[in-house]
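Look at the structure below before reading on. This briefing takes it topic by topic.

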There are 2 protein chains.
Amino acid sequence: MSTAPLSVVPVAGKPLRADARRNRERILKAARAVFADHGMHSQIDDVARRAKVGVGTVYRHFPTKEALVDALVRERFEEIAGYAREALERADAWEGFCELIWRAAERNAADLAFCETLASTDQSRVVEEVGLARSTNELVRRAIAQGRMRADVTEDDVPMLMCGAGSVMRTNPASDAWRRYLTLMLDGLRAS
Amino acid sequence: MSTAPLSVVPVAGKPLRADARRNRERILKAARAVFADHGMHSQIDDVARRAKVGVGTVYRHFPTKEALVDALVRERFEEIAGYAREALERADAWEGFCELIWRAAERNAADLAFCETLASTDQSRVVEEVGLARSTNELVRRAIAQGRMRADVTEDDVPMLMCGAGSVMRTNPASDAWRRYLTLMLDGLRAS
DNA sequence: CACCATACGGAGCTATGACTCCGCTTGCAA
DNA sequence: TTGCAAGCGGAGTCATAGCTCCGTATGGTG
């Protein structure tokens, strides 16, 4: 007995009915808002309600809560990877690096779930897949070569930096503590 | 109908039967181990099993899971407050400060639940009550006066620092990333 | 238009884990 | 030794939240 696929995303990347495509967008939009506000404690029912869609529909598009979160996280990382590519175009790599960090942090500051995810689970997989790893490594390499960043900085330091920032944002939401944090941390990274 | 007290800790701080005192210690000991390993996801049943005690007994001593965690956290903060007092005895306040941070971090590195708590909920209350706030403030004040710490450091920076460390420890358990983190951060705090 | 695969809604089902209840046991004071 | 308040054990209750099921609706194709 060949059961029909539970998921709306077909075996091969096929057409996807118009209403399904529309609903998928509604769900993602609602999820962005709900998860930003309530973090990982957000409930799928809330997302569904907000998207004006039944729970079943949410689960047809994203088979588990985890899958939904992954989609949101990936979206965000892709955006940040874009910042990284822009930063690479600057002649001064250190300036580019700082800009990247600040832009990314600013983007995440209002998103509770993303901060929680960042500060609690390893994201190296996505960071890799999205091309963010490559860009930041290159940025770090250049900044060191230009003598603006301390020479012992490694690729692992950047995720660590952001993970710390996420945690500070989470502990003091609605505060500027994280700006303070980044200032100190970047001072720690600068060549002396 | 005056119901008997649910809790074993009496209205006034009274005698507490011998077996009750013994069990309380067993519970705390078990809880330290379980929470260190499994973090906030730890289950009371596991604590009870490990303590060789019924669940009911755990709840008689600590009315909620939260209360148990609070007790553990407070214990740890009291210990750290001790480190802080020792650090204050050093003539070089900056050295004392670094020592405090390193000792505290070393102590927390193997304790998942403590890191999670640190990185997710505001602990300023306990930090205050335990006298840790007072000590670190004094330490910071002196280090700045002695010209070894950058002058714009405030009392809020220290919890932030530790909170970030907790989060790094949690994301990369069984790794030395947090040492790296502290090195950078302390460099950020040092007077240039 | 008619047909049907694709998709939807939302009332449940279920697993999990915090907490309670109550009959039995035990420390300890008289 | 005896009485009983203080404690104990652990099966059971309850609330929550992730997820499923299936009858109904609808886009799109011939």
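Helices here are DSSP runs of H or I with at least four residues, numbered from the N terminus. A residue is near a strand if its C-beta atom, placed from the backbone, lies within 6 Å of it. With those terms in hand, start at DNA strand D: α3(B) gives the largest share of the surface near this strand, 4 residues. Keep in mind that this is a predicted model.

**DNA strand D**

- There are 22 residues around DNA strand D.
- A:A18, B:N23, B:G54, B:G56 and B:T57 come nearest to the strand.
- Both chains take part: α1 and α3 of chain A, and α1 and α3 of chain B, each supply at least two residues of this surface.
- The surface near DNA strand D holds 9 nonpolar, 7 polar and 6 charged residues.

**DNA strand C**

- Which residues come nearest to DNA strand C? They are A:N23, A:G54, A:G56, A:T57 and B:A18, out of 24 residues around the strand.
- The largest share of this surface comes from α3(A), with 4 residues.
- In chain A, α1 (18-38) and α3 (55-61) each supply at least two residues.
- In chain B, α1 (18-38), α2 (44-51) and α3 (55-61) each do so too.
- By class, the surface near DNA strand C has 10 nonpolar, 7 polar and 7 charged residues.

**How the two chains are related**

- Chain B superposes on chain A after a rotation of 180°, with 0.0 Å of shift along the axis. The RMSD is 0.0 Å.
- The two copies are therefore related as by a two-fold rotation axis.

**Where the chains meet**

- The contact takes 20 residues from chain B and 20 residues from chain A.
- On the side of chain B that touches chain A, α6 (112-120), α9 (157-171) and α10 (177-189) each supply at least two residues.
- That side of chain B has 9 nonpolar, 5 polar and 6 charged residues.
- Why do the copies meet through the same surface? Because 100% of the interface residues of chain B are also interface residues in chain A.

**The nonpolar core**

- In soluble globular proteins, nonpolar side chains tend to be buried together.
- In this model, the largest nonpolar core has 108 residues.
- A:F97, A:A165, B:F97 and B:A165 have the most contacts inside this core.
- What does A:F97 touch, leaving aside its neighbours within four places in sequence? A:F97 is in contact with A:A87, A:L139, A:V140 and A:A143.

Terms used. Residues numbered from 1 in each chain as written. Chains lettered and ligands numbered in written order. Predicted model: local features only at pLDDT ≥ 70, side-chain atom pairs only at ≥ 80, totals over all residues. Nonpolar A, V, L, I, M, F, W, Y, C, P; charged D, E, K, R; others polar. Least-squares fit on C-alpha atoms with pLDDT ≥ 70 in both. Contact = placed C-beta atoms within 7 Å. Core = buried A, V, L, I, M, F, W, Y, C linked by C-beta atoms within 7 Å. Buried ≥ 20, exposed ≤ 12 C-beta atoms within 10 Å, placed from the backbone.
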